[in-house]
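Let's walk through this structure together, moving from the overall make-up to individual strands, helices and residues. Keep the sequence and the 3D view at hand as you read.

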Amino acid sequence: MIFIRNTPAYSQPAFQTNHSSAELIVKIKAHQLLNHGVQQYTEGKYNAAINSYKQVLLLQDQLNDRQGIGRTYSVLGRAYYKAGKYKDAIIAHQEAIKIFTELGEKALAANQLNNLGIAYDSLGKYSTALSYYQKALSIFQQLNDPVELGRTLDNMSFTYYNLGKYADALNQYQTALQIRRTLNDKRGEGITLQGIGNIYIELGQYSKSLEYYQQALVALKSIDEAKLQGFVISGIGYVYAQQHLYAKALEYYQSALTLYRQAGSRREEGHTLNGMGDAYLYLKKYDKSLKSLNHSLEISRAIGDRQYEGINLNSLGKFYKLKNNFSKSLELYQQALAISKEIGDRPGERITLSAIGDLLAQRKPELAIIFYKQAVNVTENIRRDLRVLSREHQKSYTQTVANTYRSLANLLLSQGRVLEAQQVLELLKIQELRDFTRNTRVGGEATGIALARIEEDILNKFGTLIAFGAKVYECEQQKCSKLSQLRDQLDALTTKFNQDSNAFRKTLQDRLASDPALLEPAQMSSTAAKIVTVEPGTVLIYPLVLKDKIRILLAARAGEEGVVFRSFETPVSQEQLWKTVAQFRTQLSSSGDMVAVKATSQQLYDLLIKPLENELKDKTVQHLVFALDRSTRYIPMAALFDGQQYLIQRYRISTVLNAGLTNVSDRLPPNKQDNNVLAMGVSKGFSGFNPLSNVPQELDAIVQQSGNEQVGIFPGLKLLNEAFNFRALRDNLTGNKILHIATHGKFEAGRPENSFLLSGTGDKLTVEQIQNLQNYMKDTHLVVLSACETALGGVDADGIEMSGISFYFLTNGAKAVIASLWLVNDASTSQLMQQFYQNLSTGKMTKAEALRQAQITMITGKNLSSDTQGQRSSVKFTPGTSEQSTLISRNLSHPYYWAPFILIGNGL
């Protein structure tokens with residue numbers, strides 16, 4: 001991506017004639033040379049402009065024209081910058097600052113502070129750049145100069161972007177944009193909009209990026225800024241490249257390249273050539289790719305653009321990886337990593353570490369794991385700066401790096417290092433939950449992935465190697481006399497590192513073969529232990545959905561407090577898994593064909609459960625706890641069919657969003673009189689929502705409001721229709737062990753803040769209001785949502801939204817939530833809920849077992865009341881909209897009726 005750098009336009013001072021004739025001649029000559037230099041600069045002839053400005057300085061020195069000298073140093077610095085001579089630019093701007101400060105020209109001095117920051121930015125010295133921007137910002141605030149304030153904020157945004165501090169970058173850009181629009185500054189507006197578009201690319205929000213780019217083009221076209229339009233056009237090309245539309249990307253890149261070459265913008269030319277090289281690579285036009293990438297690298301090195309030199313090296317590393325030149329690829333990645341570390345480019349460092357992991361994964365998996373771990377740790381450091389971003393921004397950022405977590409977990413499982421794999425999976429799930437809820441406190445402070453001591457040792461040795469490689473590169477650039485000697489030392493270090501890494505791999509393999517626990521860092525504890533040891537016969541199952549397979553990690557109890565892990569693999573593509581899941585969900589919601597439903601369900605059973613059968617056939621296994629991943633979150637696991645029976649007929653089933661965050665410290669009291677229920681519901685219809693005529697009967701059957709009532713199971717309070725509103729919920733919640741809500745609900749995928757439950761007044765009970773209940777839920781153990789609606793995402797969806805509103809109740813202190821995976825039938829739900837509470841009231845069943853038995857009742861038809869039998873003929877369901885209703889079956893054994901309800905959290 002290319003950012004437009006904001007420098008103030010040069011203003012030529014008025015020509016003064018009140019001089020002696022000799023002075024006047026010198027003055028005229030200096031003025032002419034200065035004009036000539038400005039013209040050369042405008043034409044992109046930066047080196048020629050530099051020579052002209054140097055001559056001007058000599059003449060101005062004769063005149064002792066301090067202000068003129070200051071202005072000339074200013075334009076000289078800009079010419080040096082454009083020529084890629086950043087260190088010379090810094091010296092020139094420092095001279096200008098010194099002169100303007102002496103003359104009391106605060107505005108001119110502040111402009112030079114901005115230019116100085118831009119030069120340091122280009123050298124990758126971001127902290128230094130920020131310090132100069134802050135000084136400039138302070139001066140412009142004192143001078144109340146909104147134009148220069150906007151420019152300075154743009155420049156600061158660019159530096160924050162380079163540091164991976166995207167929240168700070170967006171904040172500064174938004175402030176700058178407000179200033180631009182207030183001033184009707186179309187040029188500045190276009191520049192700022194383009195910068196915002198660039199940030200959204202890094203966050204993975206491509207449609208949002210294109211939206212800002214289009215706004216930028218409109219602003220720039222209104223003032224006929226062709227060169228600046230080139231920046232935006234190049235950005236659009238990059239967006240299409242990120243979406244794998246490479247041919248379309250090349251069209252935009254080529255258009256931008258033409259504009260840059262006409263303007264003599266070498267830096268931008270190099271950036272665009274790199275983008276073209278990547279696009280050609282993916283189109284398998286290798287000759288064009290290598291030519292473009294090498295040309296881009298030449299430009300970056302010629303102008304001293306260190307950050308983009310690292311990007312070029314990464315691109316070339318990827319090129320040689322695809323050409324199966326392992327050693328050349330690794331060499332280039334090492335150079336890129338050295339640059340990223342040197343200039344503090346954390347996103348670049350993360351990309352290179354992950355790329356090295358990818359490169360080593362097939363040949364040296366033990367080494368690959370180290371680099372993946374370090375990439376995760378750098379990612380965690382970056383993400384700490386994402387805390388103030390909106391959920392959409394954080395989630396998109398997570399998606400751009402999640403493959404590193406998955407690759408690491410996959411490799412650890414393939415190496416039998418299952419405890420470490422479980423830690424990675426838990427960390428990934430915590431981050432998904434943080435992104436989903438916008439609550440960065442979920443799970444506490446993430447510390448990344450611990451490295452074993454022998455891994456730390458090998459990583460330190462690699463760090464020494466790349467640091468020395470950087471020293472050799474510097475010598476090569478300066479053509480120092482010790483180059484040959486340094487190269488000999490580098491070769492020796494490389495040989496030693498290879499020997500050490502081979503020894504490390506053998507040591508690691510030997511340790512894992514004899515005792516895998518020897519490798520694990522002492523501080524690493526298994527979060528699986530508290531799940532599988534709290535109740536006999538419990539196993540914890542993590543499916544990990546990868547591009548070409550599903551890896552399944554199973555944790556079971558070993559002894560009193562221990563855990564044993566087993567890993568399994570199912571060869572199926574992510575796309576094929578998604579298609580099967582989507583087909584199953586469609587059949588459940590729109591087809592009464594039980595044969596088809598069972599056939600598809602059995603396909604999913606074969607993918608997810610059959611590989612585990614030898615572990616699960618032990619009669620002691622009674623409870624399956626799933627920590628689901630990606631499209632598996634959309635599956636009602638209870639409805640998986642083995643050819644003879646459903647999974648729920650064999651086991652209790654529950655899910656956890658994250659094992660470490662699941663509270664299994666207690667269970668409901670066995671005496672039903674100690675389990676007060678607050679039951680709330682809506683039976684009336686509202687616009688867009690059908691009446692739920694069975695809700696009154698459902699509440700009556702669950703709650704015994706007074707000792708004189710002949711119906712009801714648990715003591716408590718019923719609030720129906722108008723009596724059910726937020727205040728009534730809040731004011732009556734304390735003291736109740738169970739909260740039961742029977743109403744319409746909706747969860748909007750990707751936007752949890754738009755989720756709601758429908759109150760009895762027709763108002764929405766929002767997520768924000770639910771979060772405000774945290775002060776009143778100290779007694780609440782179980783929340784039951786007996787009517788919800790969630791959405792089904794696409795093939796790349798992570799499925800975290802399937803927890804919907806339930807997660808907010810869990811974070812408020814509830815130990816467990818029962819919720820639905822799809823829009824459920826009113827009559828059948830009422831019967832299932834009544835049966836669930838009847839089972840729970842015995843005091844002899846856990847929540848998971850009570851739900852299981854209620855579902856089995858519907859599957860077998862046994863123990864159903866005569867009223868239920870009579871209602872079967874009129875049971876209808878809504879397959880996605882409240883307007884369309886379809887008769888599907890008179891047999892409540894259809895999974896549509898009983899399978900949507902899942903238990904999340906504490907199943908005891």
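The secondary structure of the protein chain comes to 34 helices and 17 strands. What you are looking at is a predicted model, so please read every value below as computed from it. Of the 908 residues in the chain, 58% are buried. If you take the contacts with a separation of 6 or more, residues 24 or more positions apart account for 68% of them.

A good place to begin is strand β4, which covers residues 623–626. In a regular strand the side chains alternate between the two faces of the sheet. You can follow this pattern here: H623 and V625 point one way, while L624 and F626 point the other way. Which of these four are buried, and which exposed? All of them are buried.

Now look at the neighbours of β4. Strand β1 (residues 538–545) pairs with β4 in the parallel sense, over four bridges. Strand β5 (residues 652–655) also pairs with β4 in the parallel sense, and here too there are four bridges. F626 is a handy residue to centre on: its bridge partner in β1 is I541, and its bridge partner in β5 is T655.

For a contrasting arrangement, turn to the open sheet of three strands with the order β10-β11-β12, where the pairing is antiparallel. The edges of this sheet are β10 (745–746) and β12 (764–766), each of which pairs on one side only. Strand β11 (residues 756–758) runs antiparallel to β12, and three bridges join them. One pair to pick out is F756, whose bridge partner in β12 is T766.

From strands we can move on to helix packing. Helix α16 (residues 326–343) and helix α21 (residues 453–478) have axes that come within 9 Å and cross at roughly 85 degrees. That angle makes α16 roughly perpendicular to α21, because crossings of 65 to 115 degrees are counted that way. Which residues meet at this crossing? From α16 come Q334, L337, A338 and K341, and from α21 come F462, L465, I466 and A470. By class, this contact has six nonpolar residues, one polar and one charged.

Helix α21 also brings us to the disulfide, since C475 falls within its residues 453–478. A disulfide is a covalent bond between the sulfur atoms of two cysteines. The structure holds one disulfide, formed by C475 and C480 with their sulfur atoms 1.6 Å apart. The link is left-handed, with -85 degrees about the S-S bond. How do the two cysteines fare in accessibility? C475 counts as buried because its relative accessibility is 4%, whereas C480, at 27%, is partly exposed.

Next, find Y372 in helix α18 (residues 365–383). With a relative accessible area of 2%, Y372 is buried. Leaving aside residues up to four places away in sequence, Y372 touches S354, G357, D358, A361, T404, S407, L408 and L411. G357 is one of these contacts, and although it is 15 residues from Y372 along the chain, the C-alpha atoms of the two are separated by 5.4 Å.

R566, in strand β3 (residues 562–570), makes an interesting companion to Y372. R566 counts as partly exposed because its relative accessibility is 37%. Beyond residues up to four places away in sequence, R566 touches I552, L553, L554 and E615. R566 and L419 are 147 residues apart in sequence, and their C-alpha atoms are 10.0 Å apart in space.

Finally, let's look at backbone geometry in two loops. Most residues other than glycine have a negative phi, and most peptide bonds are trans. H244 is not a glycine, yet it has a positive phi of about 70 degrees. You will find H244 in the loop between α11 (226–242) and α12 (246–263). N721, another residue other than glycine, has a positive phi near 55 degrees, and it is found in the loop between β8 (714–720) and α28 (726–733). Which of the two is buried and which exposed? H244 is exposed, with a relative accessible area of 58%, while N721 counts as buried at 9% relative accessibility.

Technical notes: Residues numbered from 1 in each chain as written. Predicted model: local features only at pLDDT ≥ 70, side-chain atom pairs only at ≥ 80, totals over all residues. Heavy atoms only, no water. Disulfide = S-S within 2.5 Å. Buried < 20%, exposed > 50% of the residue type's maximum accessible area, 1.4 Å probe, protein only. Pairing = 2+ DSSP bridges. Axes fitted to C-alpha atoms, helices over the stretch in contact; angles between N-to-C directions. Parallel < 35°, antiparallel > 145°, perpendicular 65-115°, else oblique. Contact = heavy atoms within 4.5 Å. Nonpolar A, V, L, I, M, F, W, Y, C, P; charged D, E, K, R; others polar.
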